[in-house]
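This report covers one strand and its neighbours, and then the contact between two chains. Please keep the sequence and the structure at hand while reading.

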Number of protein chains: 2
Amino acid sequence: MASYQIAPLARLVEQFERLPGIGHKSAQRLAYHVLGMAEADAQALAGSILEAREKIHYCKICCNLTDQELCPVCRDESRDKSVICVVEDPRDVTALERTQEFHALYHVLHGVISPLGGIGPDQLCIKELLARVNAGGVEEVIMATNPTVEGEATAMYISRLLKPLGVRVTRLAYGIPVGGDLEYADEVTLSRAIEGRSEI
Amino acid sequence: MASYQIAPLARLVEQFERLPGIGHKSAQRLAYHVLGMAEADAQALAGSILEAREKIHYCKICCNLTDQELCPVCRDESRDKSVICVVEDPRDVTALERTQEFHALYHVLHGVISPLGGIGPDQLCIKELLARVNAGGVEEVIMATNPTVEGEATAMYISRLLKPLGVRVTRLAYGIPVGGDLEYADEVTLSRAIEGRSEI
């Protein structure tokens, strides 16, 4: 039987399939949706992909994403420049900003040390962090990597590099999540919550 | 508090959010994925969106999607030109082709009559179907719209237009799906299966 594929459609489906969380069926659905879009909408979609790739790069100071020389946090004169919160990913900055409780600076590593994934310290933005601390004025570095094995190991690695520079290195508190249920908390989290208990 | 949005990133998230089945979280995930892509991959993705929109149009005969003048089915000389199977959507053609049992032609309506959705017969490829039947050589038209209220109504509407032209108009069989379970079949499907029973 002859194959009845339409080449540009097949290519589009293949491109969508490469995106995370999108399987073959979803990719087909998206591709047919694009075919039914107004010409201007399709151009806006394609254009915003190219624009984002082209204009967005790392902030000169904190390695967060920005379309200008410095990211909005580093540009903001009102923020406390003596504390740096180290996170894995730009999305973590967004999450912390949503709390509206943190008014100092960030540093984005863009990953964690992962020997199995072939990611060593040199592929992360660690030297930029050391340069910032070396430049002076920093009193505390809060490690806010994810509470996973790799996140922990990365936090340990970086804190060993930072301590000789004379800054205080801290870690986000472990414990039971607010609104959580003790019954369903895992043992490690619970024992960390007991260790970290505070007076009422 | 100042807003720390990055304009090109926000635009990209917004574009992804407009796609079907993609919420805010998925759109963010896709946008960050695009930022991490190689330049050439991002260009391939954007390019294939534009290419598909530009090159793909309706087949002159059956209104299926194609990047040439005629779709591969209509181009295929070996297919039986006396039977036309009418479907709602190009994806239905793909589904029927997968059976490898149907060797005649298709006609794609691109939707169903839906007064609530503001879609009338004029917005569907119905006149093209009538023109094909009027041109002669067609003996049977199989209505293969979906077994929904709107699909049924559309099939009835079209069959009333076709019957005066002297062609046989048929409908796909209703019944229990192969591999299905009688216990879980709904009453309407079961009663249709009884009505349509055949001798063993």
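Which residue in β6(B) is the bridge partner of Ile142(B)? The partner is Thr170(B). The model is a predicted one.

**Strand β5 of chain B**

Strand β5(B) covers residues 140-143 and pairs with two strands, as the table lists.

| Strand paired with β5(B) | Residues | Bridges | Direction |
|---|---|---|---|
| β3(B) | 80-87 | four | parallel |
| β6(B) | 168-171 | four | parallel |

Towards β3(B), Glu140(B) of β5(B) stands opposite Val83(B). In a regular strand, side chains alternate between the two faces of the sheet. Here Glu140(B) and Ile142(B) lie on one side, with Val141(B) and Met143(B) on the other. These four residues are all buried, so that both faces of the strand are covered. Helix α7(B), residues 149-162, forms a right-handed β-α-β unit together with β5(B) and β6(B).

**Contact between chains A and B**

Chain A and chain B each bring 50 residues to the contact. About 5100 Å² is buried between them, and carbon and sulfur atoms give 69% of this area. Six salt bridges are counted between the two chains. In a salt bridge between Arg18(B) and Asp41(A), the N to O distance is 3.7 Å. On the side of chain A that touches chain B, the elements giving two or more residues include helices α1 (7-17), α2 (24-36) and α3 (39-55) as well as strand β2 (65-66). Of the elements on that side, α3(A) gives the most, with 14 residues.

Key. Residues numbered from 1 in each chain as written. Chains lettered and ligands numbered in written order. Predicted model: local features only at pLDDT ≥ 70, side-chain atom pairs only at ≥ 80, totals over all residues. Heavy atoms only, no water. Buried < 20%, exposed > 50% of the residue type's maximum accessible area, 1.4 Å probe, protein only. Pairing = 2+ DSSP bridges. Right-handed = clockwise from strand over helix to strand, strands pointing away. Contact = heavy atoms within 4.5 Å. Buried area = accessible area lost by both parts, 1.4 Å probe. Salt bridge = Lys/Arg side-chain N within 4 Å of Asp/Glu carboxyl O.
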